[in-house]
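Please open the structure in your viewer and keep the selection tool at hand. This tour moves from stop to stop, saying what to select and then what is there.

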Amino acid sequence: MTMRKIAVMLLWLMATVLLAQPFSQYRPMLNDLLPEPQHFHPLPQAGDPFWRDSIPQSMRQSYISYGEQYLGKPWLTPSATTFAQFKTNGNRTVYEQQCFARRRQLAALALAEIVEGKGRFLSDITDGIVSFCEETWWGIPAHYKYKVATAGEQTVDLFNAETASLIAWTTYMLRPQLDRFSPLIGQRVEREIQRRILTPALKTKYWWKTAGMNWNPWICSNWLSCVLLCETDRQRQTEAVGQILGCMDAFTDSYPEDGGCDEGPGYWDRAAASLYECVALLGQATGGRMDARRHPKLRAMAQYAYKTYVAGGYVLSFADSHDNRYTQQLNIVYPFACYIDDPVMRRFARFIGDDKDVLHQAAALYDRSGNFPTLARELFFLHSIDSFLNEQAAEPLLGNVWLKDLQIWTCRNKTLFVAMKGGHNGESHNHNDVGEVVVYADGQPLLIDPGVGEYTSKTFSKDRYSIWTMQSGYHNLPQINGCDQRDGKDFKARVVSQSKTSMTLELAAAYPEEAAVDSWLRTVSISKKGVEIAEHYRLKAYKTPTRLMLMTTVRPDVSQPGTVALGHHALRYDPQQLTVAVEDVSPLLDPLLQGLWGQQMYRLVLTVTSERLEGRLSVLLY
């Protein structure tokens, strides 16, 4: 055996020992583990028979038809005044819609050409790539310090990175075809990606490099793609990957042991799932020698995807959730499930695919895979399509879940699903929602967490909690002595007890001093009778009637005292203890919230009649 082979074997053995260690432990070995610059070939390129022979014809046709809508369509660039709207009037939606539409156009054309392989889409793709190269900046105005984009300010944000990755993967997959038209196209792409992401990401101490939220892995997964596909210098390549490993450590170190995403299930797709993309890319780049299957948190982070699943396609929508459904996750859920070898997660992925008819509507899921389609995720998913189609579909209807760090508890009986959230009000993408309870009946929403509407300049500013969806008064929570909860880590819950069928939280610390609350114990339990929400409170003073707020999308009927009819279900209360009123909050719904919940939303206001400082009360949903 040669010394070279012995050295490689020793490196492999060292890597094996380090499987459960921090990602940065691989830094000293990068020069031996990584392929030479531009020698990374993770997928067969366009023109390979795989894309014609291994993907079901119905899926191929779906992608082709999706791409055909863009044949001959002009490449429209949003105007400077549209970019400036975020700084001038707080609107970020108009620019983002136009910006994402361009990226959707390129992703659709690229995948159509890859699976068809006839060259019909190449002219439009070429024009699109050049158009992107001439776009001043690839990010969005909400993440930029100037009113107008300038070529000299190439800040690395989520969408600067994601756009760079989209263009890098498009160019990699179609490089022979693009080079036949002109090698200058690929060379231009490499210069632009170097200028826009590779150089600034490597040289700048961005805050997101040490963050414990989605920006870190979301950017790193795209940055890593660009490093592996486009970086031409060995030293810069290894230095960048070394930094990315450190970013991955910072993210996972901040994550709870239970794998919970405090940003809400809607962000799992770009938090834990993006971390997996980094892991998978590094595994491929090193021929499997970098392997994180035994990382102590990765499995729990993956399983969060189905531990927060409700039924009927719904997922829990705590915090800034832009989606209460799972449609955006198929092309990452399945590869992630295979990586950690989780049969529940694999069957869940197949359930999603069957439910959304991926065999015939593949492009519809691809189109909804994020703000714009994620080309690399779809390609890697398709590369494992044969094993996916051999899976047995199963909905992950877990009987009980307890995420002890995030303090999320769920349980179900034959018809009802209930979830309760503790935690604190200083979480990432926080809503003041400590003690929140949601209930689904027959797989449909009954008591809901509204989620969040369209982002504006207020959303991440000092005025965040002036937005109604961020306030505890528009969650299923008490308003004590006229006071809502406050934001900050000090405003928190304490777990008193939890079991398979009930959970009790102490909520007093979630409210400000003026609420004058000494103790507020909330117990949520589920039985054959239904879901009971019981309150045992002790106040320091009586100031104004305390009210219990309950949010629903089902039109309430309060004509019968003691009962609120909610479609096929009902809420029972003691009319001697509580009076009930209904507020129609439908006018507050913006288009995004209407897309989540429909046109109607109501707030039930149950007012405590007693002025006593201590009391017990409860409501029963059945």
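In which loop is the place of Tyr206? Select Tyr206 and you will find that its place is in the loop between α11 (183–203) and α12 (215–230), where helices (H or I, at least four residues) and strands (E, at least two) are DSSP runs, numbered from the N terminus. Before going further, note that this is a predicted model, in which local features need pLDDT of at least 70 and side-chain atom pairs count only at pLDDT 80 or more, while totals for chains, interfaces and linings use all residues. Residues are numbered from 1 along each chain as its sequence is written, and side-chain values use heavy atoms, with hydrogens and water left out.

**The loop residues Tyr206 and Thr308**

Tyr206 counts as buried because its relative accessibility is 15%; buried means under 20% relative accessible area, exposed over 50%, and partly exposed in between (1.4 Å probe, protein chains only). Now add Gln154, Thr155, Val156, Pro200 and Ala201 to the selection, which are the residues that Tyr206 touches when those up to four places away in sequence are not counted; contact means heavy atoms within 4.5 Å. If you also pick Asn216, ten residues apart from Tyr206 along the chain, the C-alpha atoms of the two are separated by 9.7 Å.

Select Thr308 next, in the loop between α16 (298–307) and α17. At 2% relative accessibility Thr308 counts as buried, and, leaving aside its neighbours within four places in sequence, Thr308 is in contact with Pro265, Val315 and Leu316.

**A pair of helices**

Two packed helices are described by the angle between their axes and the distance between the axes. Select helix α15 (residues 272–285) together with helix α17 (residues 330–340), which pack at an angle of about 60° with their axes 10 Å apart. Axes are lines fitted to C-alpha atoms, for helices over the stretch in contact, and angles run from 0 to 180 degrees between N-to-C directions. α15 and α17 are therefore oblique to each other, given that angles under 35 degrees count as roughly parallel, over 145 as roughly antiparallel, 65 to 115 as roughly perpendicular and the rest as oblique. Show the side chains of Ala272, Ala273, Tyr276, Glu277 and Val279 of α15, and those of Ile332, Pro335, Phe336 and Tyr339 of α17, for these residues make the contact. By class, the contact of α15 with α17 has eight nonpolar, no polar and one charged residues; Ala, Val, Leu, Ile, Met, Phe, Trp, Tyr, Cys and Pro count as nonpolar, Asp, Glu, Lys and Arg as charged, and the others, Gly among them, as polar.

**Two open sheets**

Turn now to an open sheet of five strands, in the order β1-β2-β3-β5-β6 and with antiparallel pairing; two strands pair if DSSP finds at least two bridges between them. The edge strands are β1 (400–403) and β6 (444–447), each of which pairs on one side only. Within this sheet, select strand β3 (residues 416–421) and strand β5 (residues 437–441), which run antiparallel and are joined by five bridges, with Ala441 in β5 as the bridge partner of Leu416.

An open sheet of four strands has the order β7-β13-β18-β17, again with antiparallel pairing. β7 (478–479) and β17 (578–584) stand at the edges, each with a single partner strand, so one side of each is left without a neighbour in the sheet. Select strand β13 (residues 547–552) and strand β18 (residues 602–608), which pair in the antiparallel sense over six bridges, and look for Arg547, which stands opposite Thr607 in β18.

**Two hairpins around β15**

Which side chains of strand β15 (residues 563–566) are buried? Val564 and Leu566 point to one face and are buried, while Thr563 and Ala565 point to the other and are not. Strand β14 (residues 556–557) pairs with β15 in the antiparallel sense over two bridges, and the two form a hairpin with five residues between them, where Gly562 in the turn has a positive phi of about 90°. Select strand β16 (residues 569–572) as well, which runs antiparallel to β15 and is joined to β15 by four bridges. β15 and β16 form a hairpin with two residues between them, and here Gly567 in the turn has a positive phi of about 65°.
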